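Visitor: I am new to reading protein structures. Could you walk me through a few features, step by step?

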Amino acid sequence: MPLRITEYKTSAHDIPWEKLARLMREAFKERTEQGLLFACRDFTAEELKNACGNDSFIFVRYDETDNPLGFITLTINGKSGNTNYVAASPSAKHSGICSSIFEHILKKSKDLN
């Protein structure tokens with residue numbers, strides 16, 4: 001299975017919250033060890049789900065074995081959008097994973113006008 005990006009509406013029931021929360025904890029582990037504290041660094045699956053709310057989107061990049069490599073959450077307000085959370089697996093950092101997700105979001109935005 002090739003790398004793919006899956007879009008989820010946060011109100012959907014098929015979002016792998018536990019995998020995404022684990023990915024976020026792994027992504028921020030190095031920064032936490034450096035003494036930099038981010039509110040999301042210890043999110044449980046339920047806390048991540050609650051923080052995203054029901055009216056946002058999550059864009060997830062998966063590897064060949066269906067494990068998430070990175071994700072970005074997006075909240076749309078009228079004709080503008082805000083990225084709330086960005087996380088990448090430590091093994092995938094600096095590989096363009098999140099850049100590819102941003103490119104996907106920009107393309108989708110242009111398609112939607």
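Visitor: Let me start with a strand pair. Which residue in β4 is the bridge partner of T75?

Guide: Happy to help, and please keep in mind that this is a predicted model. The bridge partner of T75 is N82, in β4. That pair belongs to a wider pattern: β3 (residues 68–77) and β4 (residues 80–88) pair in the antiparallel sense over seven bridges.

Visitor: How many residues lie between the strands of that hairpin?

Guide: There are two residues between β3 and β4, and in this hairpin G78 takes a positive phi near 65°.

Visitor: Now the helices. At what angle do the axes of α1 and α2 cross?

Guide: Angles of 65 to 115 degrees count as roughly perpendicular. Here the axes cross at roughly 95° and come within 8 Å, so α1 and α2 are roughly perpendicular to each other. On the α1 side, the contact is made by W17, E18, L20, A21 and M24, while α2 brings A45, L48, K49 and C52. Sorted by class, this contact has seven nonpolar residues, two charged ones and no polar ones.

Visitor: Last one: is S11 buried, partly exposed or exposed?

Guide: Buried means under 20% relative accessible area and exposed means over 50%, with partly exposed in between. S11 counts as partly exposed because its relative accessibility is 38%. You will find S11 in the loop between β1 (4–9) and α1 (17–33).

Visitor: And how far apart in space are S11 and E30?

Guide: They are 31 Å apart, C-alpha to C-alpha, with 19 residues separating S11 and E30 in sequence.

Key:
Residues are numbered from 1 along each chain as its sequence is written. This is a predicted model: local features need pLDDT of at least 70, side-chain atom pairs count only at pLDDT 80 or more; totals for chains, interfaces and linings use all residues. Side-chain values use heavy atoms; hydrogens and water are left out. Helices (H or I, at least four residues) and strands (E, at least two) are DSSP runs, numbered from the N terminus. Buried means under 20% relative accessible area, exposed over 50%, partly exposed in between (1.4 Å probe, protein chains only). Axes are lines fitted to C-alpha atoms, for helices over the stretch in contact, and angles run from 0 to 180 degrees between N-to-C directions. Angles under 35 degrees count as roughly parallel, over 145 as roughly antiparallel, 65 to 115 as roughly perpendicular and the rest as oblique. Contact means heavy atoms within 4.5 Å. Ala, Val, Leu, Ile, Met, Phe, Trp, Tyr, Cys and Pro count as nonpolar, Asp, Glu, Lys and Arg as charged, and the others, Gly among them, as polar. Two strands pair if DSSP finds at least two bridges between them.
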